[in-house]
Amino acid sequence: MNRILIIAPNWIGDAVMSQPLMADLKARYPDSKMDVLASPWVAPIYQACTEVNQVIEAKLEHKKLQWSLRKQLAKQLEKEQYEACFVLPNSLKSGLIPWLANIPFRIGYRGEMRFGLINVAFDNPRKQNRPPMAEHYLALGGALDAFKVQSSHSANPILNVSTHAKQTVIAKLAQAGIDQKSIYVFCPGAEYGSTKRWPTDHFANLAKQLIASRPEAQIILLGSPADHALADHIQAQASHHPQLHNWCGKTQLDEAIALIGMSKTLISNDSGLMHIGAALKVPQVAIFGSSDPNHTPPLSERAKVIWLNLPCSPCHQRVCPLGHLKCLKEISPQAVLTAIQTLES
C-alpha cells in the first residue's frame with residue numbers, strides 16, 4: 001500500500017482524534033505516502049502530524065454539493081494513483097471525490113445513502129454505543145486485512161508544534177509583555193452551542209482566584225473570532241484585570257497549537273482546543289456539560305475531566321431542554337481551581 005488518502009472530518013476535535021488512525025496506518029504500511037484532503041479550517045491539525053506527506057486544502061462548504069469543485073479535485077487526485085482512501089465523515093458528499101477519482105479501496109462507516117461510494121464499509125454504531133471517537137476512527141485501520149501489517153498503536157493522538165508558529169507566538173507574547181513561562185490558557189468557546197460552554201462569570205471568577213493564588217499568572221483567552229464576544233464578557237466580569245488577555249480570533253490555528261503547547265495549564269470546555277491540549281500532553285482541566293466524556297474525552301493522562309453526570313445528562317442538545325443548564329452552572333470556579341492545583345502539585 002504505497003499511496004493512501006484521508007478525507008478529513010470538518011471539526012477540529014475530530015481531526016485531532018483521527019491522528020491515531022494515521023499513526024496506525026503508517027505502522028502497517030511504513031513505506032506509504034499518506035496525504036490528507038482537508039478544509040482550510042482543519043488543515044493546520046494535519047500539518048502538525050508527522051505521518052502526513054502533504055495536506056491538500058479544499059474549500060468545500062458545509063451543506064453544499066459544489067459538484068464542479070468536487071469533479072475538479074477528483075481529476076487532480078486521480079493522477080496521484082492512490083490505492084486506498086479512508087473517508088472519515090459520514091456524509092454522502094464526502095464519498096464522492098474518492099469515487100470520482102477511481103481510488104480502488106474506499107473505506108469508511110456506512111452513512112447517508114452512500115452505498116457503492118464506500119466499497120469497504122463498516123457498520124456505524126449508534127451514538128449510545130459508539131466508542132470514543134479516536135477508537136472509532138482507529139478501528140478502520142485494519143480494513144485491508146489482506147495487505148495489513150499488525151499494529152498495536154495507541155489511540156491517544158499526538159501533535160507536533162510548528163517551529164515557525166512557536167517563534168511567531170513567542171514574538172507576539174514579547175510584544176504584549178507576557179512572560180511565556182507563566183501562561184494559562186482559557187478556552188471559553190464551543191462551536192456546538194451553549195450547553196457546552198461553562199458560564200463566562202465562572203471563567204471570570206476562576207481568573208481572579210487563579211491570579212490571587214499565583215500572582216505571576218498571565219491568562220490568555222483563546223478561541224475563534226466567534227468567541228471574541230464571550231472573552232470580552234469574561235474580561236468585563238473580571239474587572240478588566242491586566243493579566244487577563246483576549247486573544248480570541250487573533251491567532252491562526254497553528255499559533256493556537258503552539259500557544260497551548262507552551263501553557264502551564266489549559267482550561268477548556270469540550271471543544272476542538274481541548275483535544276489539541278490532550279494531543280500536546282499539557283496539563284488540562286476539561287469541563288463537560290451536555291456531552292459525554294466517555295465518548296469524546298481528552299485522551300491524555302495529564303487531563304482532569306470535571307463532569308457532574310446529572311440524571312439529565314448527557315442530553316447532547318445545543319440548548320438546555322430543561323432551561324436551567326445546571327450541568328455547567330453547578331461546576332464551581334473553586335472546583336476547577338482545585339483541579340488545577342492537583343495537576344500542578
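**Close-up views of a predicted model**

**View 1. Arg-110 and Asp-123 pair in a salt bridge, with 2.5 Å between their closest N and O atoms.** The two residues sit in separate loops. Arg-110 is in the loop between β5 (105-109) and β6 (120-122), and Asp-123 is in the loop between β6 and α6 (133-138), so the bridge ties together parts 13 residues apart in sequence. Arg-110 is partly exposed, at 45% relative accessible area. Asp-123 is exposed, at 59%. Like every view here, this one shows a predicted model. Side chains of opposite charge can pair when their charged atoms come close.

**View 2. Glu-80 and Arg-3 form a salt bridge, 3.4 Å from N to O.** This pair links distant parts of the chain, 77 residues apart. Glu-80 lies in the loop between α4 (67-78) and β4 (84-87), while Arg-3 belongs to strand β1 (residues 3-7). How accessible are the two partners? Glu-80 is partly exposed, with a relative accessible area of 31%. Arg-3 counts as buried, at 17%. A further residue joins in: salt bridges with shared partners connect Arg-3, Asp-35 and Glu-80 into one network. The count of salt bridges for the model comes to seven.

**View 3. Arg-28 meets Asp-24 in a salt bridge within helix α2, with the closest N and O atoms 2.7 Å apart.** Helix α2 covers residues 19-28, and Arg-28 is found in it. The partners are four residues apart in this helix, so about one helical turn separates them. An α-helix has 3.6 residues a turn, so residues three or four places apart point the same way. Are these charged partners buried or exposed? Both Arg-28 and Asp-24 are buried. For Arg-28, the relative accessible area is 9%. Arg-28 has a backbone partner too: a polar atom of its side chain lies 3.2 Å from the backbone oxygen of Gly-141.

**View 4. Arg-214 lies in the loop between α8 and β8 (218-221).** Arg-214 is buried, with a relative accessible area of 12%. Its side chain makes a polar contact of 3.0 Å with the side chain of Ser-213. Which residues does Arg-214 touch, leaving aside neighbours within four places in sequence? They are Tyr-184, Leu-337, Gln-341 and Glu-344.

**View 5. Helix α13 (residues 333-344) keeps its buried residues on the same side.** The helix has twelve residues. From first C-alpha to last, α13 reaches 17 Å, close to the 16 Å expected at 1.5 Å a residue. Its buried residues are Pro-333, Val-336, Leu-337, Ala-339 and Ile-340. They cover an arc of only 155 degrees around the axis, which puts them on the same side of α13. What covers these buried residues? The covering elements include β7 (183-187), α8 (200-213), β10 (265-269), β11 (284-287) and β12 (303-306).

**View 6. Helix α7 (residues 163-176) has a buried face and exposed residues on the other side.** Count 14 residues along α7, with a reach of 20 Å from first C-alpha to last. That is close to the 20 Å expected at 1.5 Å a residue. Ala-165, Val-169 and Leu-173 are the buried residues of α7. Seen down the axis, they fall within an arc of 75 degrees, so they line one face of the helix. These buried residues pack against β7, β8 and α10 (253-262). On the other side, Thr-163, His-164, Gln-167, Ala-174 and Gln-175 are exposed.

**View 7. Ser-162 caps the N-terminal end of α7.** A side-chain oxygen of Ser-162 lies 3.3 Å from the backbone nitrogen of His-164. Now look just after the helix. There, Gly-177 takes a positive phi of about 70 degrees.

**View 8. Cys-248 and Cys-187 stay unbonded, their sulfurs 7.8 Å apart.** Why is there no disulfide here? Cys-187 holds the cysteine sulfur closest to that of Cys-248, yet it is too far for a bond, because a disulfide needs the sulfurs within 2.5 Å. Cys-248 is buried, with a relative accessible area of 2%. Cys-315 is in no disulfide either; its nearest cysteine sulfur, in Cys-320, is 6.4 Å away. Cys-315 is partly exposed, at 22%. The disulfide count comes to zero.

Methods
Residues numbered from 1 in each chain as written. Predicted model: local features only at pLDDT ≥ 70, side-chain atom pairs only at ≥ 80, totals over all residues. Heavy atoms only, no water. Buried < 20%, exposed > 50% of the residue type's maximum accessible area, 1.4 Å probe, protein only. Polar contact = N/O pair within 3.5 Å; in protein donor to acceptor, adjacent residues only side chain to side chain. Expected span 1.5 Å × (residues − 1). Arc of directions from axis to C-beta. Contact = heavy atoms within 4.5 Å. Salt bridge = Lys/Arg side-chain N within 4 Å of Asp/Glu carboxyl O.
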